[in-house]
Amino acid sequence: MVRQSLINEAADFIRQGGLVAFPTETVYGLGADALNARAVAAVYALKERPAFDPLIVHISDPAMMQLYSTEKDERLELLARHFWPGPLTLVVKRNKVIPDIVSSGLDSVGMRMPANDIALRLIDAANTPLAAPSANKFGKLSPTRAEHVRKQFPELRYILDGGGTRIGIESTVVTLDEEGFIIIRPGAITTAQLEKILPPSSNKIIDKIGSVSPGMMKSHYSPDKHLYILGESQIPADTTKAALLSMTNQNPTNYKIVEVLSATADPDEIAVNLFGALHRLEEAEVDFIVAEKIEESGLGIAIMDRIRKAAWRHQYT
Ligand code: TXA
Ligand code: MG
C-alpha cells in the first residue's frame, strides 16, 4: 500500500515540474505534468529518448480526453467505455492544450486511463494529466517492479512502489481511420478483443519501421546480453553458460539457468513474467539468452513482438 500522504507529496512534486515514477497495470511509468513542456523535456532527457518518439498522456477519467482532443468519434467513446481503465492507448487528434513536445510535434496524442489505483490517485492529486513513457532508459528493458526503475534511475526522488505489475506488457496503441482501427503497437489488449467492440472491417497492424510509431522500431526492448530465438536464429552450440527463457515445463538440462515464464505456455502468465526474467538474466552470469517461441496469436503477438525487439540488433547488426 502506498500512503495517500506520499501520493500527495509526489503530486506536489509533479506540479512543481518534477518527475515521479509510478506503477500502472502494464509497466511502471516515468511521469511529468503533461501540460508543462519543461517537465516533459526533462523526461526525454532523463530517459535519453529521441525527441521524435511521442509520449502517452495518462488520464484518470475518460471525460478528460475531450479536454485535450478535438476529435469526436463514437467509436472512440465505445473503446474508452469498454477498455478504460485498462491497457489501451488511443491516438487521437491533439488540441493545443497539450504542448508539442509531448507528442513530438505530431498533430495527434496518445491517451490512456491506466487500471492502477496508485496511478489514478496520483493523477487526481496532481490534478493534471501525466505524460509518461515506460520508466526505463531508451532501448532498455521495461520495468515491471519498482526495483527495476531504481536500478535504471537511482536519482529519482519518488518511485511509488505498487509491487509487480499485473499485466507485465505495455498497452496496445491504436488509432482509427475511416475504415477501422489500426494497431500501432501490439500490446495487452488483443485484436480479437478490439474486434468484439469494433467490427473487423480493415483492421491492420502497422509494420513499417518507425513510420507511424517509433514504438515499432525494430530494436527497442534490449537486455544487455545477446538474445536468440529458438528455431529462428543460429544458436551457439555450447549453451552450458547460457540461459533459456522457457514457455513450457520440458526443461532441457544443458543450460546454466532456465527461467520458466509459464509451465503451460499460458500467454497471460508469460506476459507477467517476461520483463522480470529478462531483468534477472541481465544481472546473471550467463553469456547469452535463448528464448523459446510461442504461437503468434492473441497476446502471443505482443509477447513475440517484445522478444523479437530484444533479439533484433543481435541478429541483424
Ligand atoms: O503500457 C504503456 O503504454 C506504458 C505505461 C507506462 O502506460 N507506457 C509506454 O510508453 O509503454 P512508451 O513511451 O514506452 O511507449 C509509448 C508508445 C511509443 O511506441 C510511442 O511511439 C507510441 O506509444 N505513441 C505515443 N503517442 C503516439 C502518437 N501520437 N502517435 C503514434 N504513436 C504514439
Ligand atoms: Mg517503452
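This passage describes how two domains of a predicted model meet, which salt bridges hold charged side chains in pairs, and how one helix is enclosed.

The structure is a predicted model, in which local features need pLDDT of at least 70, side-chain atom pairs count only at pLDDT 80 or more, and totals for chains, interfaces and linings use all residues. Residues are numbered from 1 along each chain as its sequence is written, chains are lettered from A and ligands numbered from 1 in the order in which they are written, and side-chain values use heavy atoms, with hydrogens and water left out.

The chain is assigned two domains, domain 1 (4-195) and domain 2 (226-316); such bounds come from an automatic or database domain assignment. The C-alpha centres of domain 1 and domain 2 are 27 Å apart. To their contact (heavy atoms within 4.5 Å), domain 1 gives 19 residues and domain 2 gives 15 residues. The size of an interface is often given as the accessible area lost when the parts come together. Here the buried area (the accessible area, with a 1.4 Å probe, that two parts lose on being put together, summed over both) is about 1,400 Å², and carbon and sulfur atoms give 63% of this area.

Side chains of opposite charge can pair when their charged atoms come close. Across the interface of domain 1 and domain 2 there are 3 salt bridges, a salt bridge being a side-chain nitrogen of Lys or Arg within 4 Å of a carboxyl oxygen of Asp or Glu. On the side of domain 1 that touches domain 2, helix H6 (residues 146-152) supplies the largest share, 3 residues; helices (H or I, at least four residues) and strands (E, at least two) are DSSP runs, numbered from the N terminus. That side of domain 1 divides into 6 nonpolar, 9 polar and 4 charged residues. In this grouping, Ala, Val, Leu, Ile, Met, Phe, Trp, Tyr, Cys and Pro count as nonpolar, Asp, Glu, Lys and Arg as charged, and the others, Gly among them, as polar.

The structure holds 16 salt bridges. One of them joins Arg-112 and Glu-25 at 2.8 Å, N to O. This pair links distant parts of the chain, with Arg-112 in strand S5 (residues 108-112) and Glu-25 in the loop between strand S1 (20-22) and strand S2 (29-33), 87 residues apart. Both Arg-112 and Glu-25 are buried (under 20% relative accessible area, where over 50% is exposed and the range in between is partly exposed, with a 1.4 Å probe and protein chains only).

Another salt bridge, between Asp-305 and Lys-309, has an N to O distance of 3.0 Å. Both residues lie in helix H9, 4 residues apart, about one turn of the helix. Asp-305 is buried, at 15% relative accessible area, and Lys-309 is buried too, at 3%. A further salt bridge joins the side chains of Glu-170 and Arg-306 (2.8 Å, N to O). Glu-170, Asp-305, Arg-306 and Lys-309 are thus met again as one network of salt bridges.

Finally, helix H5 (residues 117-126) has 7 of its 10 residues buried, so the helix is largely enclosed by the rest of the structure. Among the buried residues are Ile-118, Leu-120 and Arg-121. Their cover includes helix H1 (4-15), S1, strand S3 (56-58) and strand S6 (130-131). After H5 comes Asn-127, with a positive phi near 55°.
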